[in-house]
Amino acid sequence: MAAATPDRLHLLGIRHHGPGSARAVLSALDAADPAVVLIEGPPDADELISFAASAAMVPPVALLVHAQDDAANASFFPFALFSPEWQAIRWALAKQRPVRFIDLPASHRLAERAKTAKQENEESEAAPEDAGAAAQDQSGAPDPELAQIRRDPLAYLATLAGYDDSESWWNAIVEQGAHGPEIFAALEAAIGALREKIDPLPYQPADEAQRELRREAHMRLEIAAALNEQAGPVAVVCGAWHVPALRRRVALKDDRALLKGLPQIKVTATWVPWTETRLAASSGYGAGVISPGWYAHLWQGLQHGQSTALDATGFTTRWQARVAELLRRNGRPASTASVIEASRLAITLAALRDVALPGLAEMREASLATLCEGESALFRLIEQQLIIGQRVGEIDDSVPQMPLAADLARWQRKLKLKPEALDSDIALDLRSEAGLAKSQLLHRLTLIQVPWGRLQGSGQSRGTFRENWRLRWEPEFSVRLVEALVHGTTVAQAAGNAAISNAQAAASLNTVSDIVRGCLEAGLSEAAEATIVLLQQRSAATSDVGDLTEAVPPLAEILRYGTARELPTEALRLLVTSLVEAICAGLVYACRNLQSDVATELRGKLARLDGAIGLIEDASLREGWRRALASVANDASAHPLLNGLASRALYDHGVVTPEQTALALSRALSHSVPTLEAGDWLDGFLGQSGQVLLHDHALRRIIDGWLAAIDDEAFNNLLPVMRRAFSSFDRNERRRLLDELARQRPVAISATTDVAPLQPLAPLPAHAAGFEAALPLLLTILGADRPRKDANR
């Protein structure tokens with residue numbers, strides 16, 4: 001740099017998101033009136049800076065820079081309304097002064113990231129056991145004080161100033177005051193002293209230290225170029241940590257040598273909406289702040305000159321009024337008198353702590369004590385919606401966006417679906433044109449991995465015309481939209497092509513079936529037809545009954561929407577029919593000679609399939625399924641778990657009578673059947689509901705008699721199976737079952753016949769010795785608490 005540069009160079013060291021820093025930057029720019037403004041940011045996005053002057057650009061917004069050939073390799077550069085860089089850009093554009101970014105270009109940084117990721121993958125595959133050893137190979141333990149400075153320099157300064165944390169110190173010194181340019185000289189002196197103490201950075205990872213040196217070298221070169229180009233002052237807005245390095249005199253050739261040979265890739269940049277939630281440090285954002293919503297309120301107050309004790313009353317009252325309004329919207333009383341008391345308390349606390357303006361700590365304590373009446377759980381609502389904030393930024397329509405993002409923005413405006421950073425619930429009536437269009441858009445976005453909305457439980461409304469969605473917009477969806485560009489330039493086109501591509505690459509029929517259903521729900525008829533053909537081809541080529549059983553439920557359920565959607569009903573019914581027929585043909589063979597874990601998995605699939613077939617209005621198909629179940633129920637080679645499931649399904653469908661089911665049950669639980677096999681059969685039969693034992697006395701009597709007849713050793717071996725069988729019963733079912741058992745005598749199975757007599761049972765007093773002795777073990781099996789004794793029993 002030239003010798004005369006210090007007089008013309010104004011280095012404004014800031015915190016990346018801070019209202020006090022932004023106010024001080026504007027004051028310094030007005031005083032210096034620079035000929036050019038340089039901003040710490042990606043030079044790849046210089047052409048987008050001019051859009052910041054538009055009134056339609058509503059922060060928080062972010063610059064998205066990504067590799068052209070890999071959208072996932074991307075970086076965001078967020079700006080809030082109170083970000084010093086944003087205000088500096090707006091100042092320069094309003095004054096018609098040149099403004100540009102000077103940080104190391106993202107084209108280099110993203111290329112280095114891709115190179116590092118590739119090397120790490122190769123090293124982990126080659127020698128994963130050595131990964132930890134290399135990281136621990138250090139030349140000595142770091143000095144604790146130096147390590148603390150490097151880890152959090154502001155926290156070190158805060159400790160010296162007598163503060164408990166860096167946030168409180170920085171807010172009190174910088175963000176809550178109306179400082180002039182002199183604040184930057186003070187911060188530069190403090191940071192300079194810290195950097196002199198620890199530079200060069202001996203305990204910083206080598207790659208991180210090298211990256212920081214290169215960034216600062218590039219910024220120095222850009223500053224030198226600006227000083228040579230302009231005769232007037234040059235203002236630089238950058239992180240306060242970099243100021244001493246940018247002030248340092250370094251030969252240009254040395255900086256150029258440091259940057260020589262850096263990898264580089266082609267990148268694309270655009271503006272995207274951001275959220276206050278993602279500006280928060282709690283989101284994982286490295287430069288984030290604790291309270292974006294509070295900072296927005298503080299910025300508004302500073303803009304109106306409310307930065308002294310004289311104006312503290314209005315500033316404080318407005319905040320507490322916002323708290324009261326939020327509480328009222330959520331059904332909590334918040335009187336005007338409480339707002340006044342909260343404001344007075346916050347101002348009093350500020351005076352006691354010797355600060356001119358109540359800060360977040362004072363506001364929090366005042367709100368909690370008066371408006372929230374000490375309820376910390378209620379205050380979490382204030383933290384989420386006011387202190388952190390829920391705003392989502394807006395982008396000017398003239399900003400060159402990716403075609404897919406532009407198409408989504410058009411649909412959002414057309415359907416009046418505004419992206420928000422908080423969870424919001426909407427109920428859609430699929431019989432209305434607007435409701436159906438919104439549903440289709442949300443389903444299409446899901447197909448391209450942009451889950452803006454998620455269906456909520458029963459909100460899927462099988463057989464009805466309603467859907468309940470929970471919406472929440474995340475900034476990362478912008479990257480997903482870029483990634484989906486390979487499938488098309490509109491949401492509909494990208495969703496259809498992505499669905500077909502995913503179906504072709506799917507590993508299971510269940511996945512393909514889910515994709516078919518997604519296409520139908522998204523109103524993508526061409527993609528639905530294509531994926532139906534793929535599913536037919538895949539199902540015809542497989543003999544795996546387990547795979548086939550998983551493919552049917554999603555398709556059977558989608559048929560329940562009826563006329564709410566335009567569906568290829570005939571093609572869909574033919575597909576489901578062919579799948580079920582293939583399952584019925586091979587079911588009995590698929591249930592034979594199975595290991596316990598495989599049988600358990602298949603039991604779950606068959607139970608879901610049985611429920612799905614009940615949705616299909618096809619008598620011949622149901623009859624074929626029942627014949628297949630009968631074959632499994634009577635097949636001695638089938639796993640007992642599946643025998644029991646088939647018997648229960650036939651009983652539920654009314655195919656067999658209670659007497660026939662009792663006979664099958666008594667045979668499965670007879671003495672001639674090994675105890676564990678009998679337990680598996682019972683587990684399969686009981687399934688997920690205990691209602692059959694509550695309402696069918698004959699079945700309950702047979703199971704009770706079987707349990708009473710087996711010896712202690714067999715019972716102990718059977719206990720884990722029995723507990724698993726009864727674990728699906730809810731608490732009410734267990735209590736009712738105990739009450740029923742308490743009213744009857746146990747009936748042993750006859751030694752000469754498999755069927756117990758079905759005569760009425762005499763009541764058993766609750767204090768009878770036999771029942772009392774057996775009750776603890778019965779409670780253990782059912783997993784229920786011991787019932788209270790009733791004098792009427």
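**Exercise 1. The surroundings of Thr-275**

Which residues does Thr-275 touch, not counting residues up to four places away in sequence? Work this out on the predicted model, and then describe where Thr-275 lies and whether it is buried or exposed.

*Solution.* Begin with the contacts: with residues up to four places away in sequence left out, Thr-275 touches Pro-60, Arg-391, Val-392, Ala-421, Trp-473 and Pro-475. Next, place the residue in the chain, where Thr-275 belongs to the loop that runs between strand 7 (267–273) and helix 13 (276–279). The relative accessible area of Thr-275 is 1%, and since buried means under 20%, Thr-275 is buried. Then turn to its side chain, one polar atom of which lies 3.1 Å from the backbone nitrogen of Arg-278. Finally, follow one of the contacts, Pro-60, which is found in the loop between strand 2 and strand 3 (61–67); the peptide bond leading from Pro-59 to Pro-60 is cis, with omega near 10°.

**Exercise 2. A sheet and the helix packed on it**

Determine the strand order of the open sheet of four strands, state why one side of strand 1 and of strand 5 is left without a neighbour in the sheet, and find which helix packs on the sheet.

*Solution.* The order of the four strands is 1-6-2-5, and their pairing is parallel. Strand 1 (9–14) and strand 5 (99–101) stand at the edges and have a single partner strand each, which is why one side of each lacks a neighbour in the sheet. On average, and with direction ignored, neighbouring strands here are turned by 20° against each other. For a closer look at one pair, take strand 2 (residues 36–39) and strand 5, which are joined in the parallel sense over three bridges; Leu-38 has Arg-100 of strand 5 as its bridge partner. The helix that packs on the sheet is helix 3 (residues 84–94), which touches strand 1, strand 2, strand 5 and strand 6 (234–239), and whose direction makes about 155° with that of strand 2.

**Exercise 3. Two helices in contact**

Describe how helix 29 (residues 640–652) and helix 31 (residues 675–686) pack, giving the angle, the distance between the axes, the handedness of the crossing and the residue classes in the contact.

*Solution.* The two helices pack at an angle of about 35°, and their axes are 6 Å apart. The crossing in which helix 29 passes helix 31 is right-handed. From helix 29 the contact draws on Pro-640, Leu-641, Asn-643, Gly-644, Leu-645, Ser-647 and Arg-648, while helix 31 contributes Glu-677, Asp-680, Trp-681, Asp-683, Gly-684, Phe-685 and Leu-686. Sorted by class, the residues of this contact are six nonpolar, four polar and four charged.

**Exercise 4. Positive phi values**

Examine Lys-416, Asn-593 and Gly-162, giving phi for each residue and, for Lys-416 and Asn-593, whether the residue is buried or exposed.

*Solution.* Lys-416, although not a glycine, has a positive phi of about 60°; Lys-416 sits in the loop between helix 19 (403–415) and strand 8 (424–429), and with a relative accessible area of 75% Lys-416 is exposed. Asn-593, likewise a residue other than glycine, has a positive phi near 50°, and its place is in the loop between helix 26 (569–590) and helix 27 (596–613). The relative accessible area of Asn-593 is 72%, so Asn-593 is exposed. Gly-162, which follows helix 7, has a positive phi near 90°. In helix 7 (residues 153–160) itself, the buried residues are Pro-153, Ala-155, Tyr-156, Leu-157 and Ala-158.

Methods:
Residues are numbered from 1 along each chain as its sequence is written. This is a predicted model: local features need pLDDT of at least 70, side-chain atom pairs count only at pLDDT 80 or more; totals for chains, interfaces and linings use all residues. Side-chain values use heavy atoms; hydrogens and water are left out. Two strands pair if DSSP finds at least two bridges between them. Axes are lines fitted to C-alpha atoms, for helices over the stretch in contact, and angles run from 0 to 180 degrees between N-to-C directions. Contact means heavy atoms within 4.5 Å. A crossing is left-handed if the near helix is turned anticlockwise from the far one by less than a right angle, and right-handed if clockwise. Ala, Val, Leu, Ile, Met, Phe, Trp, Tyr, Cys and Pro count as nonpolar, Asp, Glu, Lys and Arg as charged, and the others, Gly among them, as polar. Buried means under 20% relative accessible area, exposed over 50%, partly exposed in between (1.4 Å probe, protein chains only). A polar contact is a pair of N or O atoms within 3.5 Å; within protein, one must be able to donate a hydrogen and the other to accept it, and residues adjacent in sequence count only if both atoms are side-chain atoms.
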